[in-house]
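Student: I have a new model open on my screen and would like to talk it through. Could we go over how two of its helices pack, and then its cysteines?

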Amino acid sequence: MLANHPAPPLLQVERLVKRFPVSGGAVKAVDEVSFTLRAGETFGLVGESGCGKTTIGRAILRLIEPSSGSVIFQGRDLLRLKSAELRRARRDMQIVFQDPYASLNPRMRVGDAIAEPFIIHDIGDPQSRREQVADLLRIVGLDPDYASRYPHEFSGGQRQRIGIARALALKPKFIVADEPVSALDVSVQAQVINLLADLREQFGLTYLFISHGLAVVEHFCTQVGVMYLGRLVEIAPTRRLFAQPRHPYTQALLESIPVPDPTRRKTHAPLSGDVPSPLSPPAGCRFHPRCPIAVEECRRQSPPLRDLDNGHQVACWLAD
């Protein structure tokens, strides 16, 4: 009888680095980030603005070129692919952008915008493309007749559905969802998240879900990575991370979630100070200037991301 072995990762990011040159040096927006993602999972990436979340998503897809590292997708290193090979690989990888209006050409009818991937990859003829566009609009809950309209004729939620339809056009296996609901009203956010969840089940999609909304991440993601100043400081299955956060920064983030109970007392000390400049990050643990429990070792040496138990990884000397 054959033993059951876990499926190989769909995506494996290893020591990913992205530097941006600036006057007087370089900013390491992403610094030695590693994680894996299996088919059907949703990896939530959270952290304060400017911590490198969006840069990771775009670097994985090579919308911006990484400085170093590797991105293994379906067994191939995307960073080693030449232009023609990368173009073919991108049929399996798509992105849903944060701003649903800015991501659509205001002078292009939405049907043409959704059909554009078919034209780029030379799929079908005009008639079959129109039929596929109609099917995609139905899948995301829109009337196929909307194909003849322009982006300004839609609400924010409808425009994001159009962006999702365009991302689905080539039947991808992996989608980077970059803050896909942050620009939407709360009621519309729930509709779009439920749509993404339904599509995950219907098409077996795998997501990298970038978000500030911790409540959304808890509801939607299977595992979560917490970023601080370009580095991952904690990775864990979602339920475990929200129930037992091990890194002081993760604990502070979860304490910041609004709770409609004025009698509830905080269990962790609040953060003090501001996020250090990424141009000159502090020595040792990058979080130590704001950490309420930092010790001398935190100031001298950067802690590695280590597995404490069953996939719960933490970069903290005191996490034990």
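Here are some questions and answers on helix packing and cysteines.

Student: How are α5 and α6 oriented to each other: roughly parallel or roughly antiparallel?
Tutor: Happy to help, and do keep in mind that this is a predicted model. Helix α5 covers residues 156–168 and helix α6 covers residues 186–203, and their axes lie 10 Å apart. The two pack at an angle of about 15 degrees. Angles under 35 degrees count as roughly parallel, so α5 and α6 are roughly parallel.

Student: Which residues of α6 does α5 meet, and is the crossing left-handed or right-handed?
Tutor: From α5, the residues in contact are Gly157, Gln160, Arg161, Ile164 and Leu168. Their partners in α6 are Val188, Gln191, Val192, Leu195, Leu196 and Leu199. The residues of this contact divide into seven nonpolar, three polar and one charged. As for the handedness, the crossing of α5 and α6 is right-handed.

Student: Why is cysteine 221 not bonded to cysteine 51?
Tutor: A disulfide needs two cysteine sulfur atoms within 2.5 Å. Cysteine 221 is buried, at 7% relative accessibility. The closest cysteine sulfur to that of cysteine 221 belongs to cysteine 51, and the pair is too far apart for a bond because the distance is 14 Å.

Student: And how many disulfides are there by this rule?
Tutor: Cysteine 285 is worth a look here: this residue is buried, with a relative accessible area of 13%. The nearest cysteine sulfur to cysteine 285 is that of cysteine 298, 6.0 Å away, and cysteine 285 is in no disulfide. By the 2.5 Å rule, the count of disulfides is zero.

Notes
Residues are numbered from 1 along each chain as its sequence is written. This is a predicted model: local features need pLDDT of at least 70, side-chain atom pairs count only at pLDDT 80 or more; totals for chains, interfaces and linings use all residues. Side-chain values use heavy atoms; hydrogens and water are left out. Axes are lines fitted to C-alpha atoms, for helices over the stretch in contact, and angles run from 0 to 180 degrees between N-to-C directions. Helices (H or I, at least four residues) and strands (E, at least two) are DSSP runs, numbered from the N terminus. Angles under 35 degrees count as roughly parallel, over 145 as roughly antiparallel, 65 to 115 as roughly perpendicular and the rest as oblique. A crossing is left-handed if the near helix is turned anticlockwise from the far one by less than a right angle, and right-handed if clockwise. Contact means heavy atoms within 4.5 Å. Ala, Val, Leu, Ile, Met, Phe, Trp, Tyr, Cys and Pro count as nonpolar, Asp, Glu, Lys and Arg as charged, and the others, Gly among them, as polar. Buried means under 20% relative accessible area, exposed over 50%, partly exposed in between (1.4 Å probe, protein chains only).
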